[in-house]
Amino acid sequence: MKRFSFFLFTTVAIFLCACSGNSAQQGSAQQSNSDNMNKKTTLVAYFSATGTTKAAAEKLAEVVDADIHEIQPEQPYTDADLDWHNDKSRSSMEMKDKSSRPAIKNKVENMDQYTTVYIGYPIWWYIAPTIVNTFVEQYNLEGKTVIPFFTSGGSGAGETMKYLKPSAPNANWKDPINLTGKNIDDIKVLVDSIK
Ligand SMILES: Cc1cc2nc3c(=O)[nH]c(=O)nc-3n(C[C@H](O)[C@H](O)[C@H](O)COP(=O)(O)O)c2cc1C
């Protein structure tokens with residue numbers, strides 16, 4: 001009888017362990033499924049030296065329900081760096097040398113997750129700052145839809161695409177959108193018009 005009780009106890013204990021292990025596994029599978037469902041597939045990445053493009057990027061991310069990522073220069077731009085009247089200032093020198101690639105201090109760790117990437121920047125000398133090329137060249141954007149957006153003091157996109165596209169030739173590039181002075185409703189209209 002004693003032996004039978006021991007056998008019964010052991011069998012029940014093994015059964016209970018197996019069940020609880022299984023439900024723990026199911027729980028974590030369900031958790032990771034719901035994590036996957038909550039993952040956004042659109043990213044808004046932007047560089048902004050004085051905050052205008054940052055404000056536009058935040059509105060855009062709200063409109064398109066995207067994650068947001070600020071491209072941070074390893075060496076921040078000072079007012080003197082941004083002085084376009086001085087042809088020896090850092091920004092003037094970088095923009096004269098189209099192969100300059102200012103270093104970036106942070107990274108998007110999960111770029112694979114995104115199918116659409118908006119990339120924002122201020123217009124500098126009628127194109128995107130070369131730090132945007134640094135950003136684009138750090139990732140494999142092949143097959144992703146990439147939509148440039150910008151703010152400016154009045155210029156349009158200028159020759160932005162001529163210098164950006166070669167940095168990711170296999171991305172599905174769209175025409176740049178101008179978010180200068182745009183509110184949420186304007187941005188919705190612009191986003192809906194992207195073909
Ligand atoms: C170095 C430099 C060059 C610029 N070149 C132009 C330009 O070619 N055309 C223009 O309309 N605005 C130009 N601007 C103005 C910026 O594009 C504009 O102020 C932009 O909204 C700033 O964005 P941010 O605050 O995100 O840096 C230039 C600004 C800087 C600092």
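**Ligand shell and core of the predicted model**

Sorted by class, the residues in the shell around the ligand come out as 11 polar, 8 nonpolar and 1 charged. The model is a predicted one, and the shell counts 20 residues in total, with Ser 48, Thr 52, Thr 53, Pro 122 and Gly 153 coming nearest to the ligand. Helix α2 (residues 52-64) gives the largest share of this shell, namely 3 residues.

Stepping back to the whole protein, there are 6 helices and 6 strands. Read from the N terminus, they follow the order α-β-α-β-α-β-α-β-α-β-β-α. Of the 195 residues, 25% are buried. Contacts reach far along the chain: taking those between residues at least 6 apart in sequence, 76% link residues at least 24 apart.

The largest nonpolar core holds 34 residues, and Val 44 and Val 132 have the most contacts inside it. Two or more residues each come from β1 (42-46), α2, β3 (116-122), α4 (130-137) and β4 (145-151). Helix α2 thus turns up twice, as a contributor to this core and to the ligand shell.

Val 44 makes a handy way into the β1 region. Leaving aside residues up to four places away in sequence, Val 44 touches Ala 57, Leu 60, Ala 61, Val 64, Ala 66, Ile 68, Tyr 118 and Gly 120. One of these, Ile 68 in β2, also stands opposite Val 44. Strand β1 itself is mostly covered, with 4 of its 5 residues buried. On one pairing, β1 runs parallel to β3 and is joined to it by 5 bridges, with Thr 42 standing opposite Thr 116 of β3. The other pairing, with β2 (residues 67-70), is parallel too and spans 4 bridges. Together with α2, strands β1 and β2 build a right-handed β-α-β unit.

Now for the second core residue picked out above, Val 132. Val 132 is one of the buried residues of α4, alongside Thr 130, Ile 131, Asn 133, Phe 135 and Val 136. Because 6 of its 8 residues are buried, α4 is largely enclosed by the rest of the structure. The cover over these buried residues includes strands β1 and β3 as well as helices α3 (90-96) and α5 (160-164). So what do β1 and β3 have to do with each other, besides covering α4? They are parallel strands joined by 5 bridges, and both also give residues to the nonpolar core, as does α4.

Key: Residues numbered from 1 in each chain as written. Predicted model: local features only at pLDDT ≥ 70, side-chain atom pairs only at ≥ 80, totals over all residues. Buried ≥ 20, exposed ≤ 12 C-beta atoms within 10 Å, placed from the backbone. Contact = placed C-beta atoms within 7 Å. Near = placed C-beta within 6 Å. Nonpolar A, V, L, I, M, F, W, Y, C, P; charged D, E, K, R; others polar. Core = buried A, V, L, I, M, F, W, Y, C linked by C-beta atoms within 7 Å. Pairing = 2+ DSSP bridges. Right-handed = clockwise from strand over helix to strand, strands pointing away.
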